[in-house]
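These are my notebook entries from one sitting with the model. I record what I looked up, in the order in which I looked.

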Amino acid sequence: MTAIQSIGGLLEDDLRRIIAERKALVIVGAGVAIGATNNAPTASWTGLLESGIDYCVALGRDKTGWADRRRLDLGSGNLDELLSVADQVLNRLQAPSGGDFATWLRKSVGSLRVHGPSGDVLKALVDLGVPLATTNYDGLLEEVSGLQPVTWRNRSLAEQVLRGDELGILHLHGYWNDPESVVLGTRSYERVGGDAHAQAILRGLRLVRNLLFVGFGAGL
């Protein structure tokens with residue numbers, strides 16, 4: 001149980017009881033992906049954005065030093081500047097429907113794989129036997145569990161996964177192989193904010209389960 005951080009000051013016995021009663025929903029963050037891939041750069045949000053900048057350069061879309069300025073923005077750690085970088089990368093890759101965007105996702109987060117013992121935390125989470133959700137875009141949980149990815153765009157199936165009626169990994173911010181579902185910059189956050197299906201799922205999270213967050217930092 002030590003891999004799980006609880007929100008709300010739950011004691012270990014309470015945590016064990018909630019899991020045993022299948023009243024928990026585990027939400028997996030980037031920290032787990034980073035550990036499971038031996039610190040693969042694209043497992044983190046900033047690393048993924050840097051790979052997006054590099055991909056734009058490879059496509060010849062770096063005009064007047066744009067890439068260098070955006071890398072400086074990434075190093076600032078300022079959330080607004082990071083979101084601005086994300087928006088500019090998405091714009092240059094014609095997200096969400098552009099072919100370049102889909103190709104970049106496949107080559108970056110879509111290529112992440114579990115490396116040896118570093119995937120033990122993933123396996124431990126799967127073995128808890130409770131519904132699993134993630135804010136990550138990768139398929140690492142699917143690799144370990146053999147379960148199907150389910151995004152916020154499939155409201156019916158997502159709700160069944162939340163209730164425990166169907167098996168799957170719920171991707172709250174989208175899945176790499178469904179580019180339309182990926183929530184990365186401000187425009188995509190706004191799109192989700194205005195999507196009734198997505199908002200119904202988010203409201204249902206707190207109504208259906210106790211939320212256990214794993215692998216999140218200050219950005220939670």
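**Entry 1. Thr135**

I looked up Thr135 first and found it buried, with a relative accessible area of 18%; buried means under 20% relative accessible area, exposed over 50%, and partly exposed in between (1.4 Å probe, protein chains only). The model is a predicted one, in which local features need pLDDT of at least 70 and side-chain atom pairs count only at pLDDT 80 or more, while totals for chains, interfaces and linings use all residues. Residues are numbered from 1 along each chain as its sequence is written, and side-chain values use heavy atoms, with hydrogens and water left out.

Thr135 sits in the loop between β3 (132-134) and α8 (140-145). Helices (H or I, at least four residues) and strands (E, at least two) are DSSP runs, numbered from the N terminus. I then listed the contacts of Thr135, contact being heavy atoms within 4.5 Å. Not counting residues up to four places away in sequence, Thr135 touches Ile27, Val28, Gly29, Leu172, His173 and Phe216.

**Entry 2. Val182 and Val32**

Val182 lies in the loop between β5 (169-171) and α10 (186-193). I noted it as buried, at 4% relative accessible area. With neighbours within four places in sequence set aside, its contacts include Phe101, Leu105, Tyr137, His173 and Arg191. The C-alpha atoms of Val182 and Thr151 are 8.9 Å apart, and the two residues are 31 apart along the chain.

Val32 belongs to helix α2 and is also buried, with a relative accessible area of 7%. Leaving aside neighbours within four places in sequence, I found Val32 in contact with Val121, Leu122, Val214 and Gly215. Between the C-alpha atoms of Val32 and Gly119 there are 8.6 Å, although 87 residues separate them along the chain.

**Entry 3. The loop between α2 and α3**

I next examined the loop between α2 (30-36) and α3 (45-58), where Asn38 is placed. Phi of Asn38 is near 55 degrees, a positive value in a residue other than glycine. Thr42 is found in the loop between α2 and α3 as well. At 15% relative accessibility, Thr42 counts as buried. Its contacts, not counting residues up to four places away in sequence, are Gly47, Leu48, Ser51, Ser108, Val109 and Leu112.

**Entry 4. The loop between α5 and α6**

Where is the cis peptide bond that I noted? It runs from Ala95 to Pro96, with omega near 5 degrees. Pro96 is in the loop between α5 (79-92) and α6 (99-107). Gln94 has its place in the loop between α5 and α6. Gln94 is not a glycine, yet its phi is positive, at about 55 degrees. I recorded Gln94 as exposed, at 52% relative accessibility.

**Entry 5. Arg22**

Arg22 is in the loop between α1 (12-20) and β2 (24-28). At 40% relative accessibility, I counted Arg22 as partly exposed. Arg22 touches Gly129, Val130, Pro131, Gly164 and Arg209, not counting residues up to four places away in sequence. The C-alpha atoms of Arg22 and Asp138, 116 residues apart along the chain, are separated by 25 Å.

**Entry 6. Nonpolar cores**

Which residues touch the most other members of the largest nonpolar core? Of its 45 residues, they are Val26, Trp104 and Leu184. A nonpolar core is a set of buried Ala, Val, Leu, Ile, Met, Phe, Trp, Tyr and Cys residues joined through side-chain atoms within 4.5 Å. I followed Leu184 further: leaving aside neighbours within four places in sequence, it is in contact with residues including Trp45, Leu83, Trp104, Tyr137 and Tyr189. Apart from this core lies another, of 18 residues, among them Val150, Ala158, Val192 and Phe213.

**Entry 7. The whole chain**

I closed with the chain, which has 11 helices and six strands. The radius of gyration is 18 Å, close to the 17 Å that the globule rule gives for 220 residues, so the chain is as compact as a globular protein of that length. This radius is taken over C-alpha atoms, and the rule is 2.2 Å times the number of residues to the power 0.38. The C-alpha atoms fill a box of roughly 60 × 35 × 30 Å along the principal axes. Buried residues make up 45% of the 220 residues. Of contacts between residues at least 6 apart in sequence, 70% join residues at least 24 apart.
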